[in-house]
Amino acid sequence: MKQLNRTQNEQNLVHSAIAQIRKQYQNAESEEVPQDLLENKYYKEYEPLDKLELLADQHIKYCTKRLLNIGYSILYLDVGQPWCIYWPLNALSILQEDVSKYEEKILQYLQQCKIGGFGGGPYQFEHLAPTYSSLLTLFILGSPASLGLIDRKGLENFFWSIQDPREKGSYLMHINGEADMRAVYIVVIMVSINICKYISPKLLDGCAEYIASCQTYEGGIGAVRYSEAHGGYAYCGYAALVCMGKAHYIDQEKLLNWLVSRQMENEGGFNGRTNKVVDSCYSFWQGAIFNLLMLSGYVNEQLMDVQELKTYIQMCQNPAGGIFDKPSKNPDTYHTCYGLSGYSLSDSNFQNPIYNVPNKCIDFVQKFFQ
Ligand SMILES: [Zn+2]
């Protein structure tokens with residue numbers, strides 16, 4: 001990604017504007033940040049927006065530091081340690097950094113989290129969320145050694161063990177755990193990439209029907225049946241359907257209507273639910289659905305306002321690197337990963353919208369497991 005040219009003065013102006021707003025709202029609860037914040041402060045006072053740029057070099061420094069010092073992130077996310085690797089690694093990969101230099105250290109670490117699926121850290125139980133982030137990490141590293149770490153039979157056993165006993169086509173996040181659309185998505189996309197060597201197609205029986213039953217009256221998809229339409233779950237449900245070639249199981253016109261209403265006029269970014277504030281991570285969770293709609297063939301062009309979205313993501317950049325969910329917040333690797341993922345997907349084919357790793361990695365994984 002190329003950076004735009006601008007003078008040092010212009011750069012300072014934008015950065016001091018961001019710093020001022022962050023300072024002003026640093027004590028505010030996230031839901032209390034005024035909706036018109038960006039409109040009033042940025043759009044009217046802090047021009048020129050067209051001079052904003054992606055701070056790629058700073059994000060590379062920010063993510064490299066956190067990837068090399070995983071222990072710091074783990075202090076706050078002990079049960080999601082593989083996420084602390086995937087987020088900065090995926091961000092670096094999107095910025096086209098060579099990530100192979102981290103491979104040895106990461107493989108050593110994930111080996112300690114492996115059971116059949118992966119636990120949230122060494123000596124933890126198998127759980128689908130860290131299994132997903134561990135597998136994506138291994139895909140991004142994209143080498144025979146990284147893919148060789150996957151216990152294909154063990155994963156298959158894990159997937160069979162978390163079928164939801166109450167609902168055909170639904171899965172639990174872990175044995176005796178909660179069931180929601182994340183679990184359906186993870187099982188579907190991992191089974192579909194042939195990781196599970198001996199898998200019976202019966203494992204995915206009823207998934208498409210179950211996902212369709214979770215589409216709400218608004219058009220989005222909820223975590224479970226009868227719950228509110230939400231960007232993250234809508235992404236998971238629709239990505240799973242597209243992956244299975246069953247996108248038509250839901251009302252796609254209704255999904256599209258809901259989706260286009262999630263990009264907010266003033267800020268340019270997406271919210272996750274009706275009447276909620278904009279957050280940069282939905283640049284991916286909502287934004288990628290537009291790519292999936294193209295992938296399924298339902299629409300044939302990008303229907304979001306790409307420039308507005310990019311401007312919002314650029315406004316959510318910390319001058320020293322890292323992306324936050326909205327001005328007033330601190331940057332973190334989660335929002336850096338999903339902000340950059342949405343940025344990349346909005347106008348390029350670099351990332352795979354179903355797996356959120358580079359397309360070239362998915363090609364390699366498919367060949368490796370054939
Ligand atoms: Zn967020």
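**Zinc site, salt bridges and a surface patch**

Modeller: This is a predicted model. Start with E228: at a relative accessible area of 41%, E228 is partly exposed.

Biologist: Which residue does E228 form a salt bridge with?

Modeller: R273. Their closest N and O atoms are 3.3 Å apart. E228 lies in the loop between α11 and α12, and R273 in the loop between α13 and α14, so the pair ties together parts 45 residues apart in sequence. R273 is partly exposed, at 27%.

Biologist: How many salt bridges does the count come to?

Modeller: 8. Among them is D180 with R182, at 2.8 Å between the closest N and O atoms. D180 is buried, at 7% relative accessibility. E178, D180 and R182 are linked in a network.

Biologist: And R166, buried or exposed?

Modeller: Exposed, at 64%. Its salt-bridge partner is D164, 3.3 Å away from N to O. D164 counts as buried, at 10%.

Biologist: Switching to the zinc ion. What are its protein donors?

Modeller: D279 through two OD entries, C281 through SG and H335 through NE2. They lie 2.1 to 2.5 Å from the zinc ion. D279 sits in the loop between α13 and α14 and H335 in helix α17, so the pair ties together parts 56 residues apart in sequence. Both D279 and H335 are buried.

Biologist: What angles are there among the 4 donor atoms?

Modeller: 55 to 118°, and the site is irregular.

Biologist: Last one. Which residues make the nonpolar surface patch?

Modeller: L75, Y76 and L77, covering about 360 Å². L75 lies in the loop between α4 and α5. L75 is exposed, at 65% relative accessibility.

Terms used
Residues numbered from 1 in each chain as written. Predicted model: local features only at pLDDT ≥ 70, side-chain atom pairs only at ≥ 80, totals over all residues. Heavy atoms only, no water. Patch = residues over 30% accessible without salt bridge, like charges linked within 9 Å, V, L, I, M, F, W, Y side chains within 5 Å. Areas by Shrake-Rupley, 256 points an atom, 1.4 Å probe, with all protein chains shown as cover. Salt bridge = Lys/Arg side-chain N within 4 Å of Asp/Glu carboxyl O. Helix = DSSP H or I, 4+ residues; strand = E, 2+ residues; numbered from the N terminus. Buried < 20%, exposed > 50% of the residue type's maximum accessible area, 1.4 Å probe, protein only. Donors = N, O, S within 2.8 Å, 3.2 Å for Na, K, Ca; no water. Tetrahedral: all angles 85-135°; square planar, octahedral: opposite > 155°, others 65-115°.
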